[in-house]
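Visitor: Before we begin, I would like to go through this chain step by step, with the reasoning behind each reply spelled out.

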Amino acid sequence: MSSPRSVRFETSTLNKLSAYASRHPGMTSSGAAALLVEEGLRMDEHPGIVFRDGPAGRRAGLAGGPDVWEVITAVISAREADLHLGADNGLALVADNAGLPVPAVQIAVRYYGDYPDEIDQQVRDARDAQATAERALRRTSGLLGR
């Protein structure tokens, strides 16, 4: 539940906040401030995590790397492929396959530990989008006789 707070911003900060909100349809300056404060606190809590916009909406990612949901999907796939894969070996495998250092994978896993519902939803959304794209490809291929 949110509660109102009085916060004073420099004029230049208010201008940047207003510009940010205007680039995101339906967002108010107040909503933008709340979002950016929450994300800033999460980045402070999880160094190496950044937030970025994209076709699927705003999401957590590794600085200079993939989205957290992508790393977690890789971790899940590695565990499903080898149920006896130990934690250290699993992290090393994912890191090697993704071209990431092991500490980056650990950052994503720690973020997931604190925000599993958010990341699980993004994983589900990505799987749903992939299934939709595969169905469309099958329909197109069938139409074209391929």
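Visitor: How many residues does helix α1 have, and what distance does α1 reach from its first C-alpha to its last?
Guide: The model is a predicted one, and in it helix α1 covers residues 11-22, which gives 12 residues. At 1.5 Å a residue a reach of 16 Å is expected, and the distance from the first C-alpha of α1 to the last is close to that value, at 16 Å.

Visitor: Which residues of α1 are buried, and why do they count as lying on the same side of α1?
Guide: The buried residues of α1 are L17, Y20 and A21. An α-helix has 3.6 residues a turn, so residues three or four places apart point the same way. The buried residues lie on the same side of α1 because the arc they cover around the axis is only 95°.

Visitor: Which exposed residues does the opposite face of α1 carry, and which helix is included in what covers the buried residues?
Guide: On the face of α1 turned away from its buried side, the exposed residues are T11, K16 and S22. The buried residues of α1, for their part, have a cover that includes the helix formed by residues 29-45, namely α2.

Visitor: Is H24, in the loop between α1 and α2, buried or exposed?
Guide: H24 lies in the loop between α1 and α2, and its relative accessibility is 17%. Since buried means under 20% relative accessible area, H24 counts as buried.

Visitor: Which side chain makes a polar contact with the side chain of H24?
Guide: The side chain of H24 reaches the backbone oxygen of Y20 at 2.7 Å, and Y20 is itself one of the buried residues of α1. The polar contact between side chains, at 2.9 Å, joins H24 to D53.

Visitor: How many aromatic pairs does the structure hold, and which residues form one aromatic cluster?
Guide: The structure holds two aromatic pairs. F51 and Y111 form an edge-to-face pair, with 6.3 Å centre to centre and 70° between the planes, and this pair links distant parts of the chain, from F51 in strand β1 to Y111 in helix α5, 60 residues apart. Y111 and Y115 form a tilted pair, with 4.8 Å centre to centre and 35° between the planes. The count is therefore two pairs, and the one cluster consists of F51, Y111 and Y115.

Visitor: What is the relative accessible area of Y111, and what is the relative accessibility of Y115?
Guide: Both F51 and Y111 are buried, and Y115 counts as buried too. The relative accessible area of Y111 is 0%, whereas the relative accessibility of Y115 is 17%.

Visitor: Which residue lies over the face of Y115?
Guide: Y115 belongs to the aromatic cluster with F51 and Y111. Over the face of Y115, at 3.8 Å from the ring centre, lies R42.

Visitor: Where is R59, and which backbone oxygen does the side chain of R59 reach?
Guide: R59 is placed in strand β2, residues 59-62, and is buried, with a relative accessible area of 15%. Not counting residues up to four places away in sequence, R59 touches V50, F51, R52, D53, G54, D67 and Q122. At 3.0 Å, the side chain of R59 reaches the backbone oxygen of D53.

Note on methods: Residues are numbered from 1 along each chain as its sequence is written. This is a predicted model: local features need pLDDT of at least 70, side-chain atom pairs count only at pLDDT 80 or more; totals for chains, interfaces and linings use all residues. Side-chain values use heavy atoms; hydrogens and water are left out. Helices (H or I, at least four residues) and strands (E, at least two) are DSSP runs, numbered from the N terminus. The expected span of a helix is 1.5 Å times one less than its number of residues. Buried means under 20% relative accessible area, exposed over 50%, partly exposed in between (1.4 Å probe, protein chains only). The arc is that of the directions from the helix axis to the C-beta atoms. Contact means heavy atoms within 4.5 Å. A polar contact is a pair of N or O atoms within 3.5 Å; within protein, one must be able to donate a hydrogen and the other to accept it, and residues adjacent in sequence count only if both atoms are side-chain atoms. Rings of Phe, Tyr and Trp (its six-membered ring) pair if their centres lie within 6.5 Å; planes under 30 degrees apart count as stacked, over 60 as edge-to-face and the rest as tilted. A charge sits over a ring if NZ of Lys or CZ of Arg is within 6 Å of the ring centre and within 35 degrees of the ring normal.
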